[in-house]
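Colleague: I'm new to this one, so could you walk me through it? I'll ask, and you can reason it out for me.

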Amino acid sequence: MNWKSKWKLGKAYLGYLTWAKLTNICLLYVSFYWSKITRSPKIKGLPTAMSIEPTTGCNLRCPECPSGLRSFTRPRGMLEKTAYHKIIQESASHLSYLHLYFQGEPFLHPDFLDLVTYADRKKIFTATSTNAHYLNEKTVAKVVRSGLKQLIVSVDGATQSVYERYRIGGDLSRVKSGIELLIQERKAQQSSYPQVIFQFLVTGKNEHEIPQIRQLAKELEVDELQLKTAQIYDYENGSELIPSALKFSRYLPLKNGKWKLKKEIKNKCWRMWQGAVVTWDGDIVPCCFDKDASHVMGNLIRESLSQVWKNARYKGFRQQLLQDRSQIEICKNCSE
C-alpha cells in the first residue's frame, strides 16, 4: 500500500467535504447500525457515494465481464449529459465520492472528461476505471485539467502474451505509452492528480507475473499497485481463472471438488446504506454486483433521488438483506 498516494487522495477527498456532507455520512452510519441492531431498515440521509455509468460499450472482450462478452440483457447505450446534470445537481450537497464507471470503457463516451469536470466544479471527488487504451497525446492534458482525482487502470499482465489472455483485444504497449504520457503531463502541469492506480486482477493465468507487474508499476511511476481478487461466474465448479495462491482468491476448494466463497455472507451490507449505482439510462440499482440491473429501485431521470432512495422497493430490498441475504442472487458472489 502506498501511503503517499493514500494521503493525497485523502487530502483531495477532505478538501471537498462540507459540514452538510459530514452530517449526511453520520446519519447514514447511525441508520446502518441501528438497522443491524433492530433488523428493520431505517434510512436517514442520502447516498454519500455513487457510481454512474457513462457507457456500456467497451473496446475489449474480457471473459468475465458483461461488456466484454456483449451479454447484457438490459439496454445498452451512453449517458446523456442532461440526465447526468440532473443527477449531479440533486446530489451535490450530500455526495462526497463519485465513481464515473460501472460497466464499459468510460473514455468511449465522447464527453467523458466534461462529465468529470462538471462534478469536480460541484466539489465532488471524482474517480474512474479504465483500460487506458484512450490515453494519448490528444487526451492526457485534458485528463489532468479535468479535476479527476483517481484513475484506476486495469492491467492484468506484465507481458503482452499474458495481458491479452484476459484483456482480449488489448495492447499492453499502448497502455504503457498512455500511462507514461499522463505521468509526464501531470508533472508538466505540476499537479498531483489524477493519482494513477494500477489494478492487477489476479487469476490463474497471470499470478506468476506479480513480481513483474510490481517492477512495471515502479518503472512507469504509477502511484499505487493494487492486487485484486477476481469475481468468477459459476465458481462452484472451479475455473482456470481461480489462482493457485488462495490469498488472491475469493473462493476456497471443498473436499468434494466444489468451491465456495471464502467470506461468509452475513445479513448486513454497508453498501446499501452508503451508496448506489446508476446505469447509463438512469436506473438506480443496489450495487456494482447487479451488472444486469435485475434489481431496479427507480429511475433518476423520471424521479428524484430522495424519492427513490427511501421508496418501498428499496426498503424491501434492505429488509431482505437484514433477514436472509443468501436468498438474493447478486449477493451470492459478493466479496463485501
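Modeller: Let's start with a term: a residue is buried under 20% relative accessible area, exposed over 50%, and partly exposed in between. Keep in mind as we go that this is a predicted model.

Colleague: Okay, try that on C26: is C26 buried, exposed or partly exposed?

Modeller: The relative accessible area of C26 is 43%. Buried needs a value under 20% and exposed one over 50%. With 43%, C26 is therefore partly exposed.

Colleague: And C62, buried or exposed?

Modeller: Here the relative accessible area is 4%. The cut-off for buried is under 20%. So C62 counts as buried.

Colleague: How far from C26 is the nearest cysteine sulfur?

Modeller: The structure holds zero disulfides. C26 fits in with that, being in no disulfide. A pair would need its sulfur atoms within 2.5 Å. For C26, the nearest cysteine sulfur is that of C269, at a distance of 20 Å.

Colleague: Where does C269 sit, then?

Modeller: At 5% relative accessibility, C269 is buried. Its C-alpha atom is 9.3 Å from that of K36, although the two are 233 residues apart along the chain. As for its place among the elements, C269 is in the loop between β8 (259-261) and α10 (271-274).

Colleague: Let's zoom out. How many helices and strands are there in the protein chain?

Modeller: Going by the assigned elements, the chain has twelve helices and eleven strands. Its radius of gyration is 20 Å, close to the 20 Å that the globule rule gives for 336 residues, so the chain is as compact as a globular protein of that length. Along the principal axes, the C-alpha trace spans about 55 × 50 × 40 Å. To come back to your count: twelve helices and eleven strands.

Colleague: What share of the contacts with a separation of 6 or more comes from residues 24 or more positions apart?

Modeller: Some background on the chain: buried residues make up 54% of its 336 residues. Its accessible surface is about 15,500 Å², with 52% of that belonging to carbon and sulfur atoms. As for contacts at a separation of 6 or more, the share from residues 24 or more positions apart is 67%.

Colleague: Now the rings. How are the rings of W309 and Y314 arranged?

Modeller: There are eleven aromatic pairs in the structure. In the pair of W309 and Y314, the ring centres are 5.2 Å apart and the planes are at 75°. W309 is buried at 0% relative accessible area, and Y314 is buried at 0% too. An angle over 60 degrees is what counts here, so the pair is edge-to-face.

Colleague: Which residue has its charged end over the ring of W309?

Modeller: Two such arrangements are worth a look. Over the ring of Y134 sits the charged end of R174, 5.6 Å from the ring centre. For W309, the distance to the ring centre is 4.6 Å, and the residue is R318.

Colleague: Which residues do ring pairs link into a cluster?

Modeller: Two rings pair if their centres lie within 6.5 Å. Pairs of this kind can share members and join up. Here the linked residues are Y29, F32, Y33, W270 and W273.

Colleague: What about the backbone: which two residues does a cis peptide bond join?

Modeller: Look in the loop between α8 (172-188) and β5 (195-202), where P194 lies. The omega angle of the bond is about 5°. The cis peptide bond joins Y193 and P194.

Colleague: A132 and D234 both caught my eye. Is D234 buried or exposed?

Modeller: A132, in the loop between β3 (125-130) and α6 (140-145), has a positive phi near 70° without being a glycine, and at 0% relative accessibility A132 is buried. D234, in the loop between β6 (224-229) and β7 (251-253), is not a glycine either and has a positive phi of about 55°. Its relative accessibility is 61%, so D234 is exposed.

Colleague: Last one: which residues is L100 in contact with, leaving aside neighbours within four places in sequence?

Modeller: L100 lies in the loop between β2 (97-99) and α5 (112-121). At 0% relative accessibility, L100 is buried. Its contacts are I52, P54, Y84, P106, F112, L115, V116, A127 and T128.

Notes. Residues are numbered from 1 along each chain as its sequence is written. This is a predicted model: local features need pLDDT of at least 70, side-chain atom pairs count only at pLDDT 80 or more; totals for chains, interfaces and linings use all residues. Side-chain values use heavy atoms; hydrogens and water are left out. Rings of Phe, Tyr and Trp (its six-membered ring) pair if their centres lie within 6.5 Å; planes under 30 degrees apart count as stacked, over 60 as edge-to-face and the rest as tilted. Buried means under 20% relative accessible area, exposed over 50%, partly exposed in between (1.4 Å probe, protein chains only). A charge sits over a ring if NZ of Lys or CZ of Arg is within 6 Å of the ring centre and within 35 degrees of the ring normal. Helices (H or I, at least four residues) and strands (E, at least two) are DSSP runs, numbered from the N terminus. The radius of gyration is taken over C-alpha atoms; the globule rule is 2.2 Å times the number of residues to the power 0.38. Contact means heavy atoms within 4.5 Å. Accessible areas come from the Shrake-Rupley method with a 1.4 Å probe; for residues, only the protein chains shown count as cover.
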